[in-house]
Structures are given as C-alpha cells and as structure tokens.
Amino acid sequence: MAIATEAGDPGMLDRRRLLRSVIAAAAISTPFASAQAEEKPGLFVNLTTDDVWAASKAIFFAHQRALKGGYRPVTIWLNIRAVYLADKRRAPARLNPETPDIHSMLRAFIADGGQVIACMMCSRVAGLTKDDLIDGVVMGAPDVVLPAMMGPNIRTLTW
C-alpha cells in the first residue's frame with residue numbers, strides 16, 4: 001500500500017485548498033464576531049437610599065459613565081427610601097453648591113435616554129403616587145421592572 005503525497009495525489013491538493021478556504025473564511029468572519037463580543041451590556045442600578053451622597057454617585061455613574069459611555073439600556077430603579085428622590089413635592093437636595101440637584105440629575109438622565117423606575121410598593125409605603133413623581137419617572141410594576149432587570153446582557157449595580 002502506497003502513502004499518498006501532495007505531489008502524487010491530486011485529492012490531497014484539493015483537501016489543502018479546502019482547508020485554506022475554511023481558514024480564510026473564518027478569518028474574514030472574525031471581525032463580525034469580535035464586534036458582537038464588544039457590544040456593551042446594559043446596566044440596571046438598584047438605588048435603595050435617599051442619602052444625597054450615595055444617590056448623586058449612583059445617578060452620576062449611571063448617566064455620565066454608563067449611558068454616555070454607550071451602554072444600553074441604562075435603568076435606575078428607585079427602591080426602598082430612594083423613591084423620595086423623585087418626589088416633586090420635596091425640595092431636591094444637592095451634594096454641594098457646585099453640583100446639580102437630584103431632580104435635575106434625574107431629568108438630565110431621562111432626557112439622554114435613561115429610564116428611571118420608582119418601586120410601586122415602596123412608593124405606596126412612602127405615601128407617593130405617580131402624580132407625586134417628577135416627570136419622566138415610571139411607576140414600576142413587575143412587568144416594567146423585571147424586563148429592565150433581567151433582560152439579556154444586563155449588569156446590576158446596587159447603591
């Protein structure tokens with residue numbers, strides 16, 4: 001039985017050409033695969049406090065770093081005491097005289113495409129209704145919160 005060599009077996013040449021074609025096709029499709037892998041995930045921020053320092057940090061990060069950095073979607077969930085941050089009847093607090101107040105930060109975040117959801121049950125406990133919230137804040141029933149929190153390619157961060 002003779003061993004086939006590249007020079008003596010035309011089928012061997014065809015197999016090598018096929019292998020090179022497969023490798024070339026894989027190399028061409030790699031940029032597409034890399035672009036998909038580089039797609040930025042969304043961010044769900046679970047904000048549980050009305051502490052101005054923590055809230056300012058959470059809203060700033062969600063807006064200036066995540067949303068403006070191209071991450072989509074970006075949602076801030078006002079949970080527990082954080083629902084008070086969106087109460088339009090309260091004077092909005094600010095971290096210091098040089099920074100915008102919390103209401104302004106939330107409005108700017110919403111205007112740039114971010115979503116702010118107030119926990120429905122927490123709002124109820126706090127005595128707040130949809131009409132008490134600043135414009136653009138969504139009252140968060142499970143059918144609103146769960147897709148934002150559990151959607152594909154979503155990361156969660158808590159303050």
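**Close-up views of a predicted model**

**View 1. At 41% relative accessibility, Thr129 counts as partly exposed.** On the scale used here, buried is under 20% relative accessible area, exposed is over 50%, and partly exposed is what falls in between, worked out with a 1.4 Å probe on protein chains only. This is a predicted model, so local features are only taken at pLDDT of at least 70 and side-chain atom pairs only at pLDDT 80 or more, while totals for chains, interfaces and linings use all residues. Residues are numbered from 1 along each chain as its sequence is written, and side-chain values rest on heavy atoms, with hydrogens and water left out. Thr129 sits in the loop between helix 4 and strand 4 (137-140); helices here are DSSP runs of H or I with at least four residues, strands are runs of E with at least two, and both are numbered from the N terminus. Look across from Thr129 to Asp87: the two are 42 residues apart in sequence, yet their C-alpha atoms are 9.2 Å apart in space.

**View 2. The whole chain, for orientation.** The protein has 5 helices and 5 strands, and they take turns from the N terminus on: α-β-α-β-α-β-α-β-α-β. Of its 159 residues, 33% count as buried. Take the contacts (heavy atoms within 4.5 Å) between residues at least 6 apart in sequence, and 68% of them join residues at least 24 apart. The protein exposes about 9,700 Å², with carbon and sulfur atoms supplying 61% of that; these areas come from the Shrake-Rupley method with a 1.4 Å probe, and for residues only the protein chains shown count as cover.

**View 3. Met139 in strand 4.** With a relative accessible area of 19%, Met139 is buried. Ile117 is 22 residues away along the chain, and the C-alpha atoms of Met139 and Ile117 are separated by 5.7 Å. Setting aside residues up to four places away in sequence, Met139 touches a long list of side partners, including Ile117, Ala118, Cys119, Ser123, Thr129 and Val144. Thr129 of View 1 is thus one of the residues that Met139 touches.

**View 4. Ser123 in helix 4 (residues 120-126).** Is Ser123 buried or exposed? Ser123 is buried, with a relative accessible area of 0%. A polar atom of its side chain lies 2.8 Å from the backbone oxygen of Cys119. Beyond its neighbours within four places in sequence, Ser123 is in contact with Val83, Ala118, Leu128 and Met139.

**View 5. The largest pocket, with a volume of about 210 Å³.** Helix 2 (52-67) and helix 3 (102-111) are the elements that give two or more residues to its lining, and helix 2 gives the most, with 6 residues. Among the lining residues are Trp53, Phe60, His63, Gln64, Met105 and Ala108. How many of the lining residues are nonpolar, polar and charged? They divide into 6 nonpolar, 5 polar and 1 charged. Rolling a probe the size of a water molecule over the atoms shows where empty space is left. In detail, a pocket is an open set of points on a 1 Å grid over the protein atoms alone where a 1.4 Å probe fits, with protein on both sides within 12 Å along at least five of seven lines, and lining residues have an atom within 4 Å of a point.

**View 6. His63 in helix 2.** His63 is part of the lining of the largest pocket, and at 5% relative accessibility it counts as buried. Its side chain makes a polar contact with the side chain of Gln64 at 3.3 Å; a polar contact is a pair of N or O atoms within 3.5 Å, where within protein one must be able to donate a hydrogen and the other to accept it, and residues adjacent in sequence count only if both atoms are side-chain atoms. Past its neighbours within four places in sequence, His63 is in contact with Lys68, Met105, Ala108, Phe109 and Asp112.

**View 7. Backbone details in three loops.** Which peptide bond is cis, with omega near -15°? The bond from Arg72 to Pro73 is, and Pro73 lies in the loop between helix 2 and strand 2 (74-78). Ile80, in the loop between strand 2 and helix 3, has a positive phi of about 55° although it is not a glycine. Ile80 is partly exposed, at 48%. Asn153 has a positive phi too, near 60°, and is likewise a residue other than glycine. Asn153 belongs to the loop between helix 5 (142-150) and strand 5 (154-158) and is partly exposed, with a relative accessible area of 33%.

How values were computed
Points joined across faces, edges and corners; volume = space filled by probe spheres on them. Nonpolar A, V, L, I, M, F, W, Y, C, P; charged D, E, K, R; others polar.
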